[in-house]
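Reader: I've got a model open and I'd like to talk it through with you. Can we go one piece at a time?

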Amino acid sequence: MGALDGLKVIDLSRVLGGPYCAQMLADHGAEVIKIEPPQGDETRLWGPPFDAEGISAYFAGINRNKRTIALDLSKPAGREVLLKLLADADVLIENFKTGTMEKWGIGYDALSEKFPRLVHARVSGFGADGPLGGFPGYDAMVQASAGLVSVNGSPEGGPVRIGVPVVDLSTGMNACMGILMALYERNRSGKGQFVDATLYDSAIALHQPHAPNYFMAGQKPKLFGNSHGNLAPYANFPTKGRNIVIGAGNDGQFRKLVQMLGKPEMADDPRFKTNKDRLAHKAEMEAELRVLTKDRDGEAFANELMKNGVPSGAVMEVPDVMEHPHTKHRNMVWEKDGYRNVGNPVKLSRTPPAVHSKPKKFGLDTRAVLAERGYSTAEIDALIASGVALTEIRKA
């Protein structure tokens, strides 16, 4: 049994941030019922690749361990079904466009009055109000508008989007933390509350060390490519195999690095004695280090550096990482019934996370979930016939 066994979650969210949050809870034992709109979560179509059941890899990565039903919440009868589901739920997660839930009469104010213990989490781009309030949020666009693109890239190539949807994922994590905080507080007050997680806030919160540098010294970040604005050496270096990233963050590590590279006198060079000195002469230092690393075996040398206390890592590709012995040792690849994907990074000693069910076909659990809520077979058939409840995606 997971740490969240007994917790009941209704997941109305689509795409990435909200579903990722719900999956984090489900991995740790929460009962999550994912409610999709008639056209389905759009990530079902984000492929190829697709599995044998037609489920996209993108959808599969963030929707395991959930029961899957479909409702048309634009219809009053659909909202009535939702209210039945919320009657014994602890958490609601949604990412509807600002004002949609309110227009339907099921916004936070209405739901909190009807279900005072409910924790209502909303994932949005910019929040409901303010100069950007209500605008839609997409990872790449928020990376740009919140300044992350401006600090990622090289002077030669210019600003570049970060290669993973870091804003969506971090917002999902923040929503998950907010939900757990609200549930903890509910133990004291007996009341739920609203959890407001936005892509914009999450992106701004990632600006370490750029924001502190700006607040303390008015520094505008520069593009450093594979190096660092506050530490040196902290960069990507060539070898005869894989490139390696070396982060000798203090004077002792730098001394050990140059000893292992066969040029210990560099540690006593006035240009390189302290981190401040190395930053002031970073170009010269990195040029010297590149000459010393270029004939090394990258992966073997990176491991040797680590064994001697110098932070380093070979630049591995995704297939290499997923098949790496340490990835398997850390249980970071989960498999079940032909499903294979990245595991949960939050490890608990007595109640570890686990994969209980693979991502499901659209509307697979609609009939079963409605029956559990007291609907008769005839009533379920009528809801499906009217298009309020669905077991197949409604074509546009």
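Reader: Let's start with a helix. Which residues are buried in H3?

Author: Keep in mind that this is a predicted model. On one side of H3, Pro-76 and Glu-80 are exposed. The buried residues of H3 are Gly-78, Arg-79, Val-81, Leu-82, Leu-85 and Leu-86.

Reader: Seen down the axis of H3, within what arc do its buried residues fall?

Author: The buried set in H3 is Gly-78, Arg-79, Val-81, Leu-82, Leu-85 and Leu-86. They line one face of the helix, because seen down the axis of H3 they fall within an arc of 155°.

Reader: Let me zoom in on Leu-85. What is its relative accessible area?

Author: Leu-85 sits in helix H3, which covers residues 76–86. Burial here means under 20% relative accessible area. Leu-85 counts as buried because its relative accessible area is 0%.

Reader: Which residues does Leu-85 touch, not counting those up to four places away in sequence?

Author: One stretch it reaches is far off in sequence: Leu-85 and Leu-370 are 285 residues apart along the chain, yet 8.7 Å apart in space, C-alpha to C-alpha. Leaving out residues up to four places away, Leu-85 touches Ile-10, Ile-35, Ile-69, Leu-71, Val-369 and Arg-373.

Reader: I'm curious about empty space too. Which element gives the largest share of the lining of the largest cavity?

Author: The count comes to one cavity of 30 Å³ or more, and about 30 Å³ of space lies in the largest cavity. Its lining is made of Lys-8, Val-9, Ile-10, Glu-31, Ile-33, Leu-85, Asp-88, Ala-89 and Arg-373. Strand E1 (8–11) and strand E2 (31–36) are the elements that give two or more residues to that lining. The largest share, three residues, comes from E1.

Reader: And the open space: which residues that line the largest pocket are the closest to its centre?

Author: The largest pocket has a volume of about 760 Å³. Elements giving two or more residues to its lining are H1, H2, H7, helix H14 (318–322) and strand E13 (339–342), and H1 gives the largest share, four residues. Of the 28 lining residues, the closest to the centre are Gly-61, Leu-169, Met-322, Asn-341 and Val-342.

Reader: Back to the packed parts. Which residues have the most contacts inside the largest nonpolar core?

Author: In soluble globular proteins, nonpolar side chains tend to be buried together. The largest nonpolar core here has 32 residues, and those with the most contacts inside it are Val-9, Leu-25, Val-91, Ile-93 and Ile-179.

Reader: Which elements give two or more residues to this core?

Author: Apart from this core lies another, of 27 residues, among them Ile-69, Leu-86, Phe-96 and Trp-104. For the 32-residue core, the elements giving two or more residues are helix H1 (17–27), strand E4 (91–94), strand E5 (119–124), helix H7 (166–189), strand E8 (194–198) and helix H8 (199–205).

Reader: Which residues is Leu-25 in contact with, leaving aside its neighbours within four places in sequence?

Author: Leu-25 is one of the residues with the most contacts inside the largest nonpolar core. Leaving aside neighbours within four places, Leu-25 is in contact with Leu-4, Val-9, Ala-30, Ile-93, Cys-176, Ile-179 and Leu-180.

Reader: Now a charged one. What is the length of the polar contact that joins the side chains of Arg-64 and Asp-27?

Author: Arg-64 is in the loop between helix H2 (57–60) and strand E3 (66–71). Arg-64 counts as buried because its relative accessibility is 1%. The side chains of Arg-64 and Asp-27 are joined by a polar contact of 2.9 Å.

Reader: Last helix for today. Which residue caps the N-terminal end of H10?

Author: In helix H10 (residues 251–260), Gln-253, Phe-254, Leu-257, Val-258 and Met-260 are buried. Those residues line one face, because seen down the axis they fall within an arc of 160°. What covers them includes strand E10 (244–247), helix H11 (275–280), helix H12 (282–293) and helix H13 (298–307). At the N-terminal end of H10, a side-chain oxygen lies 3.1 Å from the backbone nitrogen of Gly-252, and the capping residue is Asn-250.

Terms used:
Residues numbered from 1 in each chain as written. Predicted model: local features only at pLDDT ≥ 70, side-chain atom pairs only at ≥ 80, totals over all residues. Heavy atoms only, no water. Core = buried A, V, L, I, M, F, W, Y, C linked by side-chain atoms within 4.5 Å. Buried < 20%, exposed > 50% of the residue type's maximum accessible area, 1.4 Å probe, protein only. Contact = heavy atoms within 4.5 Å. Arc of directions from axis to C-beta. Polar contact = N/O pair within 3.5 Å; in protein donor to acceptor, adjacent residues only side chain to side chain. 1 Å grid on protein atoms, 1.4 Å probe; cavity = no way out; pocket = protein on both sides within 12 Å on 5 of 7 lines; lining within 4 Å. Points joined across faces, edges and corners; volume = space filled by probe spheres on them.
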